[in-house]
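I opened this entry to keep track of what I looked up, in the order I looked it up. Pockets come before cores, and single elements come last.

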Amino acid sequence: MTAFADLHRADEPLLLPNAWDAASALLLAARGFPAIGTTSLGVAASAGLPDGAAATRELTLRLALLLGSQPFLLSVDAEGGFSEDPDEVAEFARQLWEAGARGVNLEDGLGPPDRHAAKIAAVKSAVPGLFVNARTDTYWLDDGDVTRTLRRLDVYQQAGADAVFVPGLTEPEAIAALVKHLDAPLNILYSPAGPAVPHLADLGVRRISLGSLLYRRALGAAVEAMAAVAEGHAPEGAAPSYAEVQALSAREGPA
């Protein structure tokens, strides 16, 4: 068991904020979150690239290199591993581990479950200490079906996944059914329209991720602030000072 794995077995579920660059990760860590994830949408969109298209392999690794030595536990959203070859996915996972990442999120994109299982098994064989969060997109990219979801998650558990992730699932009854069936900790994507964090904890969820929500909220806040200025008003909401952000950059060194 690693320190990151231990967070999934603690008294309270792991609430995982997802960052998109060094500044956002460091500011979130400064608020006391012991682990920080990355968001593939935030990393991709910040570079003008599409999410889920295996276009950000080097950007993702570069961010891991920036954050892996920081005093928090890092989990990296690696889409589907940026390859369909399990050996290539395992090699990328090895590079993430060497960069300091202690967790990785791998999504199936509704592809063949045996192929995703092969990726999981290859990663666990190459980097046994890396915590693999196996994501299925049965609710994210499809209309959702508990039976079909369980079949996929069973395959991923058997392949060695340390936790399983079902983004898009918000129905309390279905969440409780998965928790009852699974051996691995269940990760749910927080939704403002879904159960609150205490309710998810009561249902047995062990990890609650924010995904791209913080990045999208940051974009919305920027647009709202600009609209307020244009209308002659002072922007509302908190903003770090120039000096505070500069201090974060100084800790990281030149990019």
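**Entry 1: second largest pocket.** I note first that the model is a predicted one. I looked up the second largest pocket, and its volume is about 760 Å³. I then asked which residues are closest to its centre. Of the 49 residues in its lining, they are Ser40, Asp51, Asp77, Glu107 and Arg135. Next I listed the elements that give two or more residues to this lining. The strands are strand 3 (35-38), strand 4 (73-77), strand 5 (103-107), strand 8 (186-189) and strand 9 (207-209). The helices are helix 3 (40-46), helix 6 (113-126) and helix 10. By class, I recorded 16 nonpolar, 21 polar and twelve charged residues in the lining of the second largest pocket.

**Entry 2: largest pocket.** I turned to the largest pocket, which holds about 1200 Å³ of space. Its lining has 30 residues, and Leu214, Ala218, Ala221, Ala238 and Pro240 are the closest to the centre. Two or more lining residues come from each of helix 2 (22-30) and helix 10 (213-230). Which element gives the most to this lining? I found that helix 10 does, with nine residues. The classes in this lining are 23 nonpolar, two polar and five charged residues.

**Entry 3: cavities.** I searched the whole structure for cavities of 30 Å³ or more and got one. The largest cavity has a volume of about 30 Å³. I wrote down its lining: Ala78, Gly81, Val89, Phe92, Ala93, Leu96, Val104, Leu106 and Val123. Helix 5 and strand 5 each supply at least two of the lining residues, and the largest share, four residues, is from helix 5. By class, eight of the lining residues are nonpolar, one is polar and none is charged.

**Entry 4: nonpolar cores.** I looked up the largest nonpolar core and found 51 residues in it. Leu96, Leu169, Ile175, Leu178 and Leu186 have the most contacts inside this core. Helix 5 (residues 86-99) gives the most to the core, with five residues. I noted that Leu96 also appears in the lining of the largest cavity. For one residue I wrote out the contacts: leaving aside residues up to four places away in sequence, Ile175 touches Leu169, Thr170, Leu186, Ile188, Leu200, Leu203 and Val205. There is also a second, separate core of seven residues, with Ala5, Leu14, Ala35 and Ala163 among them. My textbook remark for this page is that nonpolar side chains tend to be buried together in soluble globular proteins.

**Entry 5: helix 6.** I checked the length of helix 6. Its 14 residues should span 20 Å at 1.5 Å a residue, and the end C-alpha atoms are 20 Å apart, so the two values agree. Which residues of helix 6 are buried? I listed His116, Ala117, Lys119, Ile120, Ala122, Val123 and Lys124. The cover over these buried residues includes helix 5, strand 5, strand 6 (131-135) and helix 7 (146-159).

**Entry 6: Gln246.** I picked one residue to end on and found Gln246 in helix 11 (residues 242-252). Is Gln246 buried or exposed? Buried means under 20% relative accessible area and exposed means over 50%. Gln246 has 45%, so I entered it as partly exposed. I also looked up how far Gln246 is from Ala45: they are 201 residues apart in sequence, and 23 Å apart in space from C-alpha to C-alpha.

Definitions and conventions. Residues numbered from 1 in each chain as written. Predicted model: local features only at pLDDT ≥ 70, side-chain atom pairs only at ≥ 80, totals over all residues. Heavy atoms only, no water. 1 Å grid on protein atoms, 1.4 Å probe; cavity = no way out; pocket = protein on both sides within 12 Å on 5 of 7 lines; lining within 4 Å. Points joined across faces, edges and corners; volume = space filled by probe spheres on them. Nonpolar A, V, L, I, M, F, W, Y, C, P; charged D, E, K, R; others polar. Core = buried A, V, L, I, M, F, W, Y, C linked by side-chain atoms within 4.5 Å. Buried < 20%, exposed > 50% of the residue type's maximum accessible area, 1.4 Å probe, protein only. Contact = heavy atoms within 4.5 Å. Expected span 1.5 Å × (residues − 1).
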